[in-house]
Amino acid sequence: DGSDSHCSIDALSKNQTDNMVDTDTQTASLTSYVRITEAVHNWAIENNSQYWDRQIQDYGQIHFTENDRKSWYIRYPFNPPYAVQSASQKENHQRRKMVDLKEEERDDESIFSTINLLHSVSHAIVPMKTVSRESAKHLIELLRDKWELPPPELIISVTGGARSFNLSQQSRTALQKGLVAAAVTADAWVFTGGTHAGVMKDVGEAFEKWTYKTTSVDKTHTRVPVIAIASWYYTANYRQLIQQRSQKLNTNSTPISTFGTVADHEKLYRCCAPQKTSISYPLDPNHTHFILLDDNCGASDDKWKQYGFPVRADLTIQLRAEIEQEARYSSRYRQNYKIPIIQILIEGGPSSLLTVVEAVTHETPVIVIEGTGRAANFIAKAYNALYHNQKTYVPSTNNNPNLERLIKEANGEIITNSNESCFRDMITSEKGFFLINTFLLCPDDSEFKLGDAILEALFRAASMPRHEASDAHVQKLKLAMAWNKFDLAVSDMFIEDNKILWTDTQMDSALLHAIQHGSVQFVELLVEQGASFDRLRRLIDINDLYKKKTGLPLLNQKIAQDDINKQKMYYTQYLNAEALKTIDSFQGTKAPHRSNIDIYGTIENPVEQATNLNGLVIFNGDDAIRQSGNVTQVSIAFSDSLNPSVTIDMLHDLVLYVLSPTSVANSFQLIHIQKIYECDCKYHQSKSIFHLYDFNVYVEQGQYLAVGFPKNSRSPSYLDGQGLSYTLDIDAANKLYSTNASIEFKRNIRRVAISFQLVPVSEFIRDIFLWSIFADSFNLSICLCSHSPNAMIAALLASKINKTAAKLANDKELARKYLAKKTEFDVHAAQIIDKCFLQDENFALQLLTTRSHLYFGYSSLKLAEETNNRLFLATRCVQAYADRLWYGHIDNSVKRGTVADILVSNA
């Protein structure tokens, strides 16, 4: 039978296709495994060559026999702290401040790192000896760069009972589903203790069982990273994970790429059932990554007990907290953004109490799940005994009798000598009041939503009073985006009283966050409130956006996955030569024509006299920006200094300040700051020219560009002749940044020998719009198209791109999806030209053939013809154009058929 033959052939073809897909998947998986293993191998070699006391030997993949799952692991040595001791608030503040000043230098590219370090931090408890923050940074480098985990939008730290705990199946299921839904919604990393017992086991099971059942995420979605931080010697059967290498790792070790089999770094791990009296626990097979911390105390009990902890796993508590805190620091897109973090306590014992104390010490909000037992119930009762329905924090002067009674009742089971003092300090502190949140477990409640509780706790933490300038409103908005709570943003963050809190930089940062997450409603809201697409070029290099792995198909998809210049690949395959020229110009590979350069100020004919202008922010009064653009070069003529400690050969990094004038005379608002480096400077005699290669100093029309000279740098010269300049103490300018306040500059009657070059730029929204199309973010691209200066050509260009994508797609269903998107943009373009034609026929006809400089010289008619866009070609405007083209200006009252029918009749 012919139909049976066709069915057989189709089935055979489908099987062959499925086998090819499986083979490709296996090949990609093996390639990824080799790449990651080699990266970790080289990372370990580099570590071992630098730190003799932190040698890394055991790492690779754990192959769990229980469920045949594989997870990455590393055994990481560290020096544990001693048990915590109580200290006064003042002592703790000073000690933490000194630790921060010595160890934390997060923002090397900003002059404000020093200012940020001076922010007040008043912790209630401090360890006698703290773990090195360097270890935490090192391990986060492993997670992000070597294990290739995508950056999170939320960090969830789960702690609680390490053994089995009494909780009904209904309550357990409700918790699991709530945790998974929150983690998937917010693109979270989840940290736990990683053992196959108690709370950690439940967390692992939750992400194995509920990830695809409680959300709309399909199984092609990347798994939520569930990261275990556990004690090496507290792990049952840890010897199974020791790598049997013939020699220690050194710089001459064999590269991973030459290894013969995948099994070289893979270790089988057989779980054993934990015993009630066990002093070690097996690893949970449903975690994705394991950081096994080796306390350097060996297998015996003699050494580790000297640190004063009752349980060996407690030695890792502080380093775990540091790792979780370090994971918060994101430097994507030229921003130093602190990722929100939440800790969830479920049941737990004395060790969990210490973990909560450490979390609050680091200003991490904690959700205590009341009703799960032991430590969770104790903390919830203690908190309610102290504060009940209290809305504001009032320091406790005397011992609270209810708290004392609860502590006495919990003595031995929850309260021990190692945690009592620090728990008292924590629960009675201002941080304890704002950061501890109780959440009653009610599985029968249909409104049970752990995600909402997390959001509420993060909002409350952001509202905690701080001595430094707060960006709580920015944090709240980004949290609202993560949870898609648009109504909350409108009702709380942009009411009249709060609008004055927003600076342009904060507004633009939030806009970038919304674009990155495809939050169309928030994009519209922020643009309405004053955020600028053009100013985003200060915050982001467009190439950073293209690093997203998914997107429209490319001819060489394998190269595209890792190519740092993916934008150029897309422009080459989808657009024209004019589009490629814009990339070369933007990236500095092609110098702009001199006619396109706008020059401000001069360094010619400086006055030869010593000046004392170092330590000041300076600009000339007649250098208001004439046309918005990017600063590409800054030139300065230096003088001899009146300061004897500054010599002629001294040159330092400088700082550029973008200023906006206000309605008050001589008063300016500080909009943006960018450091420029001595290494980018060409120095000739007394003249220095700084080249800004990354083009991220964007200045708008009417603003000013000022230069800040540190106090120990050389001083610029004055110019001969009359003129005005403005100066301000550099420390005063730095303190002003990140606020909406304006400040008065001192007016001087002499100009300064400072010059800069500016290249006018096209609207940045074009580049973001094209990225959104190539990233296959349809709703965002529709939104950005509507904000484009030429929405009609933007829509037609999007149509062209989606048609090309359909041709390049290997999958028929995917090709149909791209063609459906093409049709959406066709309809959008046709509606625009129809509206124009109804309002002004002659203007609409001119639009058809007008070439857009912004969109690479394309005209709307040319794009429609290229893509055989029937919807657009059939519009009344195109018909009228075709009539004029063929018949000239013959009497329009004469009825005749139009040639548009001919143009679109045969495709």
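Two strands are taken to pair if DSSP finds at least two bridges between them, and both strands (E, at least two residues) and helices (H or I, at least four residues) are DSSP runs, numbered from the N terminus. The model described here is predicted, so that local features need pLDDT of at least 70 and side-chain atom pairs count only at pLDDT 80 or more, while totals for chains, interfaces and linings use all residues. Residues are numbered from 1 along each chain as its sequence is written, and side-chain values use heavy atoms, with hydrogens and water left out.

**The sheet and the helices on it**

An open sheet of 10 strands, with mixed pairing, follows the order 8-1-2-9-7-6-5-12-13-14. Strand 8 (266–269) and strand 14 (436–440) form the edges, and each has a single partner strand, so one side of each lacks a neighbour in the sheet. From one strand to the next the twist averages 25 degrees. Within this sheet, strand 5 (residues 154–160) and strand 6 (residues 188–192) run parallel and are joined by four bridges, with I156 standing opposite V190 of strand 6.

Helix 4 (residues 133–146) packs on the sheet, where it touches strand 2 (70–77), strand 6, strand 7 (226–231) and strand 9 (289–294), and its direction makes about 160 degrees with that of strand 2. Helix 5 (residues 169–185) lies across strand 5, strand 6, strand 12 (341–346) and strand 13 (366–370), and runs at about 155 degrees to strand 5.

**Two helix pairs**

Axes are lines fitted to C-alpha atoms, for helices over the stretch in contact (heavy atoms within 4.5 Å), and angles run from 0 to 180 degrees between N-to-C directions.

| Helix pair | Angle | Axis distance |
|---|---|---|
| Helix 9 (residues 374–387) and helix 10 (residues 401–410) | about 165 degrees | 8 Å |
| Helix 26 (residues 791–808) and helix 27 (residues 812–839) | about 160 degrees | 8 Å |

The angle of about 165 degrees makes helix 9 roughly antiparallel (over 145 degrees) to helix 10. Helix 9 passes helix 10 in a right-handed crossing, one in which the near helix is turned clockwise from the far one by less than a right angle. F378, K381, A382, A385 and L386 of helix 9 make the contact with N402, L403, L406, I407 and A410 of helix 10.

For the other pair, the angle of about 160 degrees makes helix 26 roughly antiparallel to helix 27, and the crossing of helix 26 and helix 27 is left-handed (anticlockwise). Among the residues that meet are A791, M792 and A795 in helix 26 and A815, Y818 and L819 in helix 27.

Methods
Angles under 35 degrees count as roughly parallel, over 145 as roughly antiparallel, 65 to 115 as roughly perpendicular and the rest as oblique.
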